[in-house]
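Subject: Structure handover

Hello,

The structure we spoke about is below, with the sequence. My notes on it follow.

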Amino acid sequence: MQDAPSFEDPVTAPRPHPYTIAHRGLSAHAPENTLAAVRAAQRIGCQWVELDVQLLGDGTPVIWHDNGVRRCSNSRGKLIKLDLAKAKTLDVGSWFSDAFRGERMATLEEMLELIGELGLGLNLELKVNRGRDAQALVDAALPMALKALPAKQLVVSSFNSQALEAARDLQPDVDLLRLGLLYEKPPRQWLTEAERLKAYSLHVDWRRLKEKRAREIKEAGYQLLCYTANDPVAFARLWPWGVDGVISDDPSLFTYHLPMPSEMRAIR
Ligand code: G3P
Ligand code: MG
């Protein structure tokens, strides 16, 4: 009798994360990077969310994308000018819609507690905006995230190589910290970077990804995530390249547009 094949069946093998991750929470339907957006994501069945973290002026890590607060709050000015007390007076929901009036900026601590309660996975993006200190962000945010979530429920990513280096220095064990390299377009030397940082994944802009690069990334054994895709029909041509997941403002758009088993088998 023949031995059972030793490879994992790509159709039935357990996956480290789902095909879709909610970008800034369910940001198509709730104010981005808020507790409400994460609750909304969980309510529609998302198992993972992507969120941005950076520091207030007093060093508190908060879930926020921009350098300033004008776009996503009822105030204006730079995030670095705010301490926690001041930040908590901002309304970060009504810019999106009246239904979210009174929503408050979430600290990383509050967000981690919610994610733990809801049993979600988190792709935490270390957002180092212009003029901000990557090391300070890592020192404040990473220990908190590592303590709050099991290693398999957390991927820490950044566009900023200093932040990624600081994160890897803080936790050198690849089983305890999964690091994601964020690129608009992976550069020629992506593999050197990935090996140096002992990366887990690459997160790339789906519009700039080429099949050759996607296959190289997969052949080298990395997870490949694409951001930020909201057009599942246009995205469909990428699945056969071995893409592992898509970061979307509305993952429900992808419900009927996930890779077919035949495409998954063709990848190996
Ligand atoms: O992490 C993927 C994506 O969030 C990166 O871009 O600007 O939306 O944080 P941005
Ligand atoms: Mg982000």
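Glu50 and Asp52 are both buried. Please keep in mind that this is a predicted model. Both residues also serve the metal site: the protein donors of the magnesium ion (ligand 2) are Glu50 and Asp52, through OE and OD respectively, together with Glu125 through OE. These donors lie 2.0 to 2.2 Å from the ion. Along the sequence the donor residues follow the spacing E-x1-D-x72-E.

Ligand 1

The three residues Glu50, Asp52 and Glu125 also appear among those surrounding ligand 1. The rest of that surround is made up of His23, Arg24, His65, Lys127, Phe159, Leu182 and Tyr227. For setting up the ligand, these are the polar distances I have:

- Arg24: an N or O atom of its side chain is 2.7 Å from an oxygen atom of ligand 1.
- Lys127: here the distance from a side-chain N or O atom to an oxygen atom of the ligand is 2.8 Å.
- Asp52: a polar side-chain atom lies 3.2 Å from an oxygen atom of ligand 1. Asp52 is thus listed both here and as a donor of the magnesium ion.

Strand β6

Leu182, one of the residues around ligand 1, belongs to strand β6, which spans residues 178-183. Six of the six residues of this strand are buried. On one side these are Arg178, Gly180 and Leu182, and on the other Leu179, Leu181 and Tyr183, which leaves both faces of β6 covered.

What does β6 pair with? Strand β5 (residues 154-158) pairs with β6 in the parallel sense, over four bridges. Within that pairing, Val155 has Arg178 of β6 as its bridge partner. Strand β7 (residues 201-205) pairs with β6 as well, again parallel and over four bridges. Here Leu182 stands opposite His203 of β7.

Each pairing comes with a helix. Helix α5 (residues 161-170) forms a right-handed β-α-β unit with β5 and β6. Helix α6 (residues 190-196) does so with β6 and β7, and that unit is right-handed too.

Record annotation

An unreviewed UniProt entry lists residues 18-258 as "domain: GP-PDE". Over this range the chain is 29% helix and 19% strand. The C-alpha atoms at the two ends of the range are 10 Å apart.

Regards

Methods:
Residues numbered from 1 in each chain as written. Chains lettered and ligands numbered in written order. Predicted model: local features only at pLDDT ≥ 70, side-chain atom pairs only at ≥ 80, totals over all residues. Heavy atoms only, no water. Buried < 20%, exposed > 50% of the residue type's maximum accessible area, 1.4 Å probe, protein only. Pairing = 2+ DSSP bridges. Right-handed = clockwise from strand over helix to strand, strands pointing away. UniProt positions renumbered as here; feature names shortened; annotations may be inferred. Donors = N, O, S within 2.8 Å, 3.2 Å for Na, K, Ca; no water. Near = heavy atom within 4 Å. Polar contact = N/O pair within 3.5 Å; in protein donor to acceptor, adjacent residues only side chain to side chain.
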